[in-house]
Amino acid sequence: MVRVQNLTRADALSAVRNPLAFIAERWTPTSRTVQRAALAALVMAVVIVVTGGAVRLTGSGLGCPTWPKCTDDSLTATSAMGFHGAIEFGNRMLTYVLCAAVGWAIIAARSQKPWRRGLTRLGWAQFWIVMGNAVLGGIVVLVGLNPYTVAAHFLLSTALITVAALMWQRTREGDAAPRPLVGKSVQQLVWFLVVASVLLIAVGTVVTGAGPHAGDSSEVERIPVGWETVAKLHAVLAWIVVTLTFALWFVLKAVDAPQGPLRRTRDLFLILLSQGVIGYVQYFTDLPEALVALHMLGSCLVWIGVLRVLLALRERPQEPLTDLPTPATTSSLTRA
């Protein structure tokens, strides 16, 4: 049986002053554990987007009519509020699951040996984005699902996915200076792809804000543009992203690029094709809720795919451990 170390008063004070450092002194996670923690945070960032879409698509956006309480008299949803109250309150509770996933990623990154400060900072960046988006979500409810605040809420969730994907990638890399794997022209093409993808996502929020799924059965303000016209612009941008991805794949083949960028580009192309099929089907079938939810999931996967292509253009090996003592130095220190 393993003897548990007694917790002294000094240990307790240390844990109160800096709990992360206290945990780091007593726990060293494996690299795989840190990677899984970062991946869990990324998965939850996607899940919270999809469940947020479910709130809107079921008309439950004002199921809890106020914030931070669910009603003026109750912190939680009541039976009288029915299905919509349960959906909206359930989505609020998922924020705590997201916080737990991000917290695990922060603790794992802080406890890794050697300590990689950059990873910990990416974890904390996620935490503050989650906190900011929680407040923004409350504002969305308080202003009656104003479409501009709903769009900002989604874009901030996309920012969370961006940081989470970057942290996940960094857990599988070293801390040496990045080395490009492709030339400048290929990098510029990828940046055009990134910009086009950002525009695609931004215009997608306008389609949502002008479209028929307002988020509640009551009268909700909509963005005053024809949603079908904006949807066509969204489709044009989607084709631009597909074309850039296809062109990138051919360029990478032509320059005999490493397999990493090629595989990531192929994966992105397949995701885009699937997303395009869903987009056209939902457009010609009057936006059924299930397909819209699937399209929102696809939007997250497209953006993650674009980020993975961008991050695959360079490598970051482990830094050489040049500061370790040589055997001769160790022997002299021992004699001293």
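Which residue does a disulfide join to cysteine 64? In this predicted model, the partner is cysteine 70, and the two sulfur atoms lie 2.0 Å apart. A search of the whole structure returns one disulfide. A disulfide is a covalent bond between the sulfur atoms of two cysteines. The torsion about the S-S bond of cysteine 64 and cysteine 70 is about -75 degrees, and the disulfide is therefore left-handed. Both cysteine 64 and cysteine 70 are buried. Cysteine 300 is likewise buried, with a relative accessible area of 3%, which falls under the 20% limit applied to buried residues.

Charged side chains were examined next. The count of salt bridges comes to eight. One of them pairs glutamate 173 with arginine 314, with a separation of 2.3 Å from N to O. Because glutamate 173 lies in the loop between helix H6 (147–171) and strand E1 (179–180), while arginine 314 belongs to strand E2 (residues 314–315), this pair ties together parts that are 141 residues apart in sequence. Salt bridges that share partners also join Arg116, Arg170, Glu173, Asp175 and Arg314 into one network. Within that network, the side chain of glutamate 173 meets that of arginine 170 in a salt bridge of 3.2 Å, N to O. Three of these residues can be placed by their accessibility: glutamate 173 counts as buried at 7% relative accessibility, arginine 170 counts as buried at 11%, and arginine 314 counts as buried at 17%.

Another salt bridge links glutamate 25 to arginine 26, with the closest N and O atoms 3.1 Å apart. Here the relative accessibility of glutamate 25 is 60%, so that this residue counts as exposed, whereas arginine 26, at 39%, counts as partly exposed. For glutamate 25 the assignment follows because 60% is over the 50% limit used for exposed residues.

Two helices were compared with the span expected at 1.5 Å a residue. The 27 residues of helix H3 (residues 31–57) should span 39 Å, and the end C-alpha atoms of H3 are indeed 39 Å apart, which agrees with that expectation. H3 is followed by glycine 59, whose phi is positive, near 70 degrees. Helix H6, with 25 residues, reaches 36 Å from its first C-alpha to its last, close to the 36 Å expected. At the start of H6, a side-chain oxygen of asparagine 146 comes to within 2.9 Å of the backbone nitrogen of tyrosine 148.

The surface of the model was also searched for nonpolar side chains. Trp67, Val135, Ile139, Leu142 and Val143 form a nonpolar patch on the surface, and together these residues have about 410 Å² of accessible area. Leucine 142, one of the members of this patch, is found in helix H5, which covers residues 117–142. With a relative accessible area of 52%, leucine 142 is exposed.

Terms used
Residues numbered from 1 in each chain as written. Predicted model: local features only at pLDDT ≥ 70, side-chain atom pairs only at ≥ 80, totals over all residues. Heavy atoms only, no water. Patch = residues over 30% accessible without salt bridge, like charges linked within 9 Å, V, L, I, M, F, W, Y side chains within 5 Å. Areas by Shrake-Rupley, 256 points an atom, 1.4 Å probe, with all protein chains shown as cover. Salt bridge = Lys/Arg side-chain N within 4 Å of Asp/Glu carboxyl O. Helix = DSSP H or I, 4+ residues; strand = E, 2+ residues; numbered from the N terminus. Buried < 20%, exposed > 50% of the residue type's maximum accessible area, 1.4 Å probe, protein only. Disulfide = S-S within 2.5 Å. Expected span 1.5 Å × (residues − 1). Polar contact = N/O pair within 3.5 Å; in protein donor to acceptor, adjacent residues only side chain to side chain.
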